[in-house]
Amino acid sequence: MPPAAATKLGYTPPDGGWGWAVVFGAFISIGFSYAFPKSLTIYFKEIQEYFSVSYSQIAWVSSVMLASMYAAGPVSSILVNRYGSRPVVLVGGVMVSAGMVLASFGKTIVHLYLCVGVIGGFGLAFNLQPALTIIGTYFQVKRPLANGLAMTGSPVVLFTLAPLNQFLFDSFGWRGSFLILGSIVLNCCVAGSLMRPVNKTARQKPKTEPAECNGAAAEEAATVDTSAQSDNLLTEENQSEGRSQGCVHRFIDVSLFRHQGFLIYLIGNVVMFFGFFAPVVFLAPYARHQGIDEYSAAFLLSIFALVDMFIRPTTGFLGNSKWIRPRIQYFFSFAVSYNGLCHLLCPLASGYSGLVVYAVFFGLGFGMVSALLFEVLMDLVGAHRFSSAVGLVTIIECGPVLLGPPISGALVDIFGDYKYMYYACGVFMLAPGIFFFIMHYFNYKRLDEERRQSVAAEMRTCEEAVQLKMSQADKTDG
């Protein structure tokens, strides 16, 4: 078992017990948050013809929904910090349900933007952030595994919703389907009821004993992870900032913008999200564009989701291993680069069999990125600052999340072919993957050097303390 990540939570997370019920609740909440906008693409062709709109205009439905989910991140984080995860998720489930029911009566495409996109997107945000945050309060040693299992909810829900939506569409049309989906998403409220706050008084962390002045202590100090190293560098600055900006920091930690690891993550993700969701949104329409029937096109999403479903917990197991966890940022860099290569090679796939192969390889890459997406952020900033970090990240990422699918749809409208959209998405994924590799190499190198200096300083302090005690003992004997 790899060493536990350092934490400043003030207590020892249980790493099990009711935490697994919380993981199941997060599994449902995260599943609907990410899978629901993708699953709605089944209705796009019919809605596009019903309202007589372009590919770009119809892409705005899921795009606005995802962007609203990301834009509401800071609001969700503030509410979680104030009220806890459970009530926020309950409210979110009701909001998504209300948005889908109202959308079933829509008369224009703008109506869908507001109901499905804005109301539904805010509801999904109130499901996503609380689910991600509460896992960090229950798990420390097994956190990558818990995050991987919770993130598996997205492909499981997508695998279920893809054929279900096709059945609902054939039986009830898109309006009736939206009404039924409004009742299905109320399961998020059930998930929220499982998110009981962790008992922080039962297992308080013991006070840290003074380090022994020997090589073993130095070796022990070298095992702390990236988040602990980075936080130690900013302790004094954060204390001084806290006096002047205490009111702001009470809700959101803006000092993260001076955190080098956080900035690397943020810059790379902003570029990556321009090409992250569009290939999923347009997978079924791309298949139908090639003359493939509706059920076979919808089944591609199920194949994608099935592969995604199994690779996420596998990624969690690998990320929790002693070989990968100390350098988990490299694993994430590989996953992002692999996605980019998949999209660049997608236009070479011909026929339905070629698209099946692409769906399998794309599912592998998408699952790896999704399983690691928030774990690597928690690794960088620590569990105690994660709620603020994810809120800041999501509101900044809402721009590329909002613009990515419509830009991709515009490329299809301009060229009349999907291959240029996949080329663009491939570049948007491959470039940040390479960026992550390079920047984390230097970041790890810097942190290792600062860790060595910290250990050396601690050893000098211990030696001075021993010498002081010896001199005092000599004076007493004299």
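Reader: In this predicted model, in which helix do Glu-449 and Arg-452 both lie?

Author: The closest N and O atoms of Glu-449 and Arg-452 are 2.8 Å apart, and the two residues form a salt bridge. Along the chain they are three residues apart, about one turn of the helix. The helix that holds both Glu-449 and Arg-452 is helix 21.

Reader: Is Glu-449 buried, partly exposed or exposed?

Author: A residue is called buried under 20% relative accessible area and exposed over 50%, with partly exposed in between. Glu-449 has 35% relative accessibility, and because this value falls between those two limits, the residue counts as partly exposed.

Reader: Which residues do salt bridges that share partners join into one network?

Author: A search of the whole structure finds seven salt bridges. Where such bridges share partners, they join residues into one network, whose members are Arg-327, Asp-448 and Arg-451.

Reader: Over the face of which residue does Arg-327 lie?

Author: Arg-327 belongs to the salt-bridge network with Asp-448 and Arg-451, and it also lies over an aromatic ring, at 4.2 Å from the ring centre. The residue that supplies this ring is Tyr-444.

Reader: How many residues apart are Glu-375 and Arg-143, which form a salt bridge?

Author: The closest N and O atoms of Glu-375 and Arg-143 are 3.1 Å apart, and both residues are buried. Glu-375 lies in helix 19 (residues 351-381), while Arg-143 lies in helix 7 (residues 143-151). The pair therefore links distant parts of the chain, and the separation is 232 residues.

Reader: Are Glu-294 and Arg-288 buried or partly exposed?

Author: Glu-294 forms a salt bridge with Arg-288, the closest N and O atoms being 3.2 Å apart. The relative accessible area of Glu-294 is 34%, and Arg-288 has 27% relative accessibility. Buried would require a value under 20%, so Glu-294 and Arg-288 both count as partly exposed.

Reader: Why does the aromatic pair of Tyr-70 and Phe-277 tie together parts that are apart in sequence?

Author: Among the 35 aromatic pairs in the structure, Tyr-70 and Phe-277 form one that is edge-to-face, at 6.5 Å centre to centre with 75 degrees between the planes. Tyr-70 lies in helix 3 (residues 55-71), whereas Phe-277 lies in the loop between helix 14 (260-272) and helix 15 (278-281), so the pair ties together parts whose separation in sequence is 207 residues.

Reader: Which residue forms an aromatic pair with Phe-277 at 5.0 Å centre to centre?

Author: Phe-277 counts as buried at 2% relative accessibility. This further pair is edge-to-face, with 70 degrees between the planes. The partner is itself buried, with a relative accessible area of 2%, and its name is Phe-276.

Reader: Which helix contributes the largest share of the nonpolar patch?

Author: The patch on the surface is formed by Phe-334, Ile-434, Phe-437, Ile-438, Tyr-441 and Phe-442, with about 580 Å² of accessible area together. Phe-442, one of its members, counts as partly exposed at 47% relative accessibility. The largest share of the patch, five residues, comes from helix 21 (residues 419-477).

Reader: What percentage of the 478 residues in the protein is buried?

Author: The protein has 21 helices and zero strands, and it exposes about 19500 Å², of which carbon and sulfur atoms supply 66%. With buried taken as under 20% relative accessible area, the buried share of the residues is 54%.

How values were computed:
Residues numbered from 1 in each chain as written. Predicted model: local features only at pLDDT ≥ 70, side-chain atom pairs only at ≥ 80, totals over all residues. Heavy atoms only, no water. Helix = DSSP H or I, 4+ residues; strand = E, 2+ residues; numbered from the N terminus. Buried < 20%, exposed > 50% of the residue type's maximum accessible area, 1.4 Å probe, protein only. Areas by Shrake-Rupley, 256 points an atom, 1.4 Å probe, with all protein chains shown as cover. Patch = residues over 30% accessible without salt bridge, like charges linked within 9 Å, V, L, I, M, F, W, Y side chains within 5 Å. Salt bridge = Lys/Arg side-chain N within 4 Å of Asp/Glu carboxyl O. Phe/Tyr/Trp six-rings, centres within 6.5 Å; stacked < 30°, edge-to-face > 60°. Lys NZ or Arg CZ within 6 Å of the ring centre and 35° of its normal.
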